[in-house]
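Work through the exercises below with the sequence and the coordinates at hand. Each task is followed by a solution in steps.

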Amino acid sequence: MLNIDGPTARASLPFDRLIPSLKNAFASGCEVPLRHHHTVSAAPDEAGTLLLMPAWSAASGYMGVKTVCVYPGNSLRKLPGLYSTYLLYRVETGRPLALIDGNEITSRRTAAASALAASFLSRKDASSMLVLGAGRVASLLPYAYRAVRDIRRVAVWDIDPLQAMRLVEQLRADGFDADVAERLDAAACAADIISAATLSTDPLIRGEFLRPGTHVDLIGGFTPAMREADDACFGGTSVFVDTDEAALKSGDLLSPLANGMLARADIRSDLAGLCREAHAGRSAVEEITVFKAVGTALEDLAAAVMCFEAVANH
């Protein structure tokens with residue numbers, strides 16, 4: 001069984017190849033049971049969370065499961081609060097094939113899925129983006145988007161201005177025209193694409209910020225309590241999701257669905273529908289598109305297979 005560490009996984013998952021791999025995976029489909037969620041009480045008042053995310057595809061010949069351990073109390077131990085691993089198997093026999101760094105799998109497939117959606121939903125001439133957040137996933141977004149659009153200008157906003165500046169310096173070194181966004185409203189109005197990857201519980205993006213032709217990409221909120229966009233962002237815009245699960249667990253969608261700003265029937269398509277060409281995506285230059293993602297084990301499996309085959313065939 002291969003043991004694929006973080007740097008090796010990162011090098012095996014370039015966005016120009018990972019995005020087409022995800023497109024093929026969404027078009028083909030696979031078995032994705034509901035994720036398992038367990039509370040682990042191993043120490044007094046310091047419960048951890050264990051997430052299990054399985055997926056398999058008889059057509060591809062692979063099966064896998066991502067494990068995510070979330071332990072908030074680890075900060076007191078000077079340890080990361082989250083550990084993630086991916087186990088890949090042969091689907092016909094259950095033979096273990098590889099243990100892969102789960103953090104790289106998760107962050108790179110998340111950014112790649114965002115860019116994949118944007119290939120259908122953003123304007124073809126989009127060249128500027130606003131990134132909300134400066135963490136692991138947010139820092140990858142300009143590079144992923146550059147694989148599908150000619151992104152030249154990037155504004156970065158983060159609750160920590162120093163972290164935003166560090167990302168800006170990295171982007172400048174890699175050829176982007178990058179700056180820190182001092183004001184969200186002004187930066188949003190100037191961007192062709194707005195991509196948010198934060199842990200915010202209060203809306204950061206407001207409908208009044210959105211100009212015609214904007215594409216809004218919401219990645220960070222994955223619980224009912226988390227919000228990156230206000231309800232107005234979903235009124236009179238074209239709304240898309242990665243999977244149906246987004247409308248069941250995302251605060252960004254639950255609120256406008258509850259108050260009537262958005263109806264379930266108003267959600268135009270999921271990512272599989274776009275990849276299978278059941279829906280054409282953006283239909284007009286002036287259209288405002290909104291994509292809400294919560295992630296799926298299908299993406300993890302596709303990335304893990306690509307990583308394994310790259311290393312095994314090297």
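**Exercise 1. Overall dimensions**

What radius of gyration would a compact globule with 314 residues have, and what does the chain have?

Solution. The model is a predicted one. Step one: the globule rule is 2.2 Å times the number of residues to the power 0.38. Step two: for 314 residues this gives a value near 20 Å, and the chain has 19 Å, so the chain agrees with a compact globule. Step three: the C-alpha trace spans about 50 × 45 × 45 Å along its principal axes.

**Exercise 2. Composition of the fold**

Find the secondary structure content, the buried share and the share of contacts that join residues at least 24 apart.

Solution. Step one: the chain comes to 10 helices and 14 strands. Step two: buried means under 20% relative accessible area, and 52% of the 314 residues are buried. Step three: take the contacts between residues at least 6 apart in sequence; of these, 69% join residues at least 24 apart.

**Exercise 3. Surface and charge**

Describe the exposed area and the charged side chains of the chain.

Solution. Step one: about 14,000 Å² is exposed, with carbon and sulfur atoms supplying 55% of it. Step two: there are 30 positive and 37 negative side chains. Step three: the centres of these two sets lie 3 Å apart.

**Exercise 4. Aromatic pairs**

Locate the aromatic pairs in the structure and classify their geometry.

Solution. Step one: the structure holds 2 aromatic pairs. Step two: Y62 and F308 have ring centres 6.1 Å apart and 70 degrees between the planes, an edge-to-face pair. Y62 belongs to strand β4 (residues 62-70) and F308 to helix α10 (residues 297-312), so this pair ties together parts 246 residues apart in sequence. Y62 and F308 are buried.

Step three: for Y143 and F176 the centres are 5.4 Å apart and the planes stand at 90 degrees; because planes over 60 degrees apart count as edge-to-face, this pair is edge-to-face. Y143 sits in helix α4 (residues 136-145), and F176 in the loop between α5 (161-173) and β9 (177-180), so parts 33 residues apart in sequence are tied together. Y143 and F176 are both buried.

**Exercise 5. A single residue**

Where is A284, and is A284 buried, partly exposed or exposed?

Solution. Step one: A284 is in the loop between α9 (271-275) and β14 (289-292). Step two: its relative accessibility is 36%, so A284 counts as partly exposed. Step three: R123 is 161 residues away from A284 along the chain, and their C-alpha atoms are separated by 8.6 Å.

Definitions and conventions. Residues are numbered from 1 along each chain as its sequence is written. This is a predicted model: local features need pLDDT of at least 70, side-chain atom pairs count only at pLDDT 80 or more; totals for chains, interfaces and linings use all residues. Side-chain values use heavy atoms; hydrogens and water are left out. Helices (H or I, at least four residues) and strands (E, at least two) are DSSP runs, numbered from the N terminus. Buried means under 20% relative accessible area, exposed over 50%, partly exposed in between (1.4 Å probe, protein chains only). Contact means heavy atoms within 4.5 Å. Accessible areas come from the Shrake-Rupley method with a 1.4 Å probe; for residues, only the protein chains shown count as cover. Lys and Arg count as positive and Asp and Glu as negative; His and the chain ends are not counted. The place of a charge is taken as NZ of Lys, CZ of Arg, CG of Asp or CD of Glu. Rings of Phe, Tyr and Trp (its six-membered ring) pair if their centres lie within 6.5 Å; planes under 30 degrees apart count as stacked, over 60 as edge-to-face and the rest as tilted.
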